[in-house]
Amino acid sequence: MPISGALRQPSRTLVTAAAAVPLTGWTVHALALHRQLAAARRDPLTGLQGRDGYTTRATTLTARHTQAAMVLICDVDHFKQINDTHGHGAGDRVLAATAARLTAWAGNRGVVGRLGGDEFAAAVRIGTARRRLRLNQLAAALARPVDIGDGRLVDVTVSIGAATPDMIGTTELPALLRAADAAMYAGKHTGAAVLADRSHATAESVNGRRAGRPGTAYWGAAG
């Protein structure tokens, strides 16, 4: 019996090792698939979160930080003119620069997403006392000229609307986005960031967006 048990032990070890091979292979496959899915949710030009990724993370942020949360909508002014005058390559550089500046501004306390075209969204944690200062800093950062190649600079302005739960009366992301969108439109082409109040929250909307805004047919799925 002892000899027989000794003979069976290597066999048991081999079976265990053989079972571990497909498990390890599946783990590697699952990790690779996870990375692919994560990459697919990001915008390929800017590396930002897409609509769904942004919505998920922004919803978590606004729910967790409530009164310290701020939601923003940003839109590059005269973007079609930039494309028409300087080419789509220049437009891509403007979008990439805007994304990088928004990301640097938000830091590790926020999330930035590209909703499509020249429109971006952000959700950040900012204390009440620092809101105006931080919005002014963002407006200044986004207004810097962008190098579009060969040493050429193009002037850029970005319209910015922001909304906070205490001003709007809710932590629900669609309502905050709607108010931020309306505030952004109110300050369109001024270069100043507009902080929404209750009047912006009651603006007519379609799928959570100000009526008439591009993308009103699509936001509902993500918002």
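Trainee: What share of the 223 residues of the protein chain counts as buried?
Mentor: This is a predicted model, in which local features need pLDDT of at least 70 and side-chain atom pairs count only at pLDDT 80 or more, while totals for chains, interfaces and linings use all residues. Residues are numbered from 1 along each chain as its sequence is written, and side-chain values use heavy atoms, with hydrogens and water left out. Buried means under 20% relative accessible area, exposed over 50% and partly exposed in between, with a 1.4 Å probe and protein chains only; of the 223 residues, the buried share is 41%.

Trainee: Which element supplies the largest share of the largest nonpolar core?
Mentor: A nonpolar core is a set of buried Ala, Val, Leu, Ile, Met, Phe, Trp, Tyr and Cys residues joined through side-chain atoms within 4.5 Å, and the largest one here has 32 residues. Elements that each supply at least two of its residues include β1 (69–76) and α4 (88–106), helices (H or I, at least four residues) and strands (E, at least two) being DSSP runs numbered from the N terminus. The largest share, 8 residues, comes from α4.

Trainee: Which residue in β7 does Ile160 stand opposite?
Mentor: Ile160 is among the residues with the most contacts inside the largest core. Two strands pair if DSSP finds at least two bridges between them, and β6 and β7 pair in the parallel sense over 3 bridges. In β7, the residue opposite Ile160 is Ala193.
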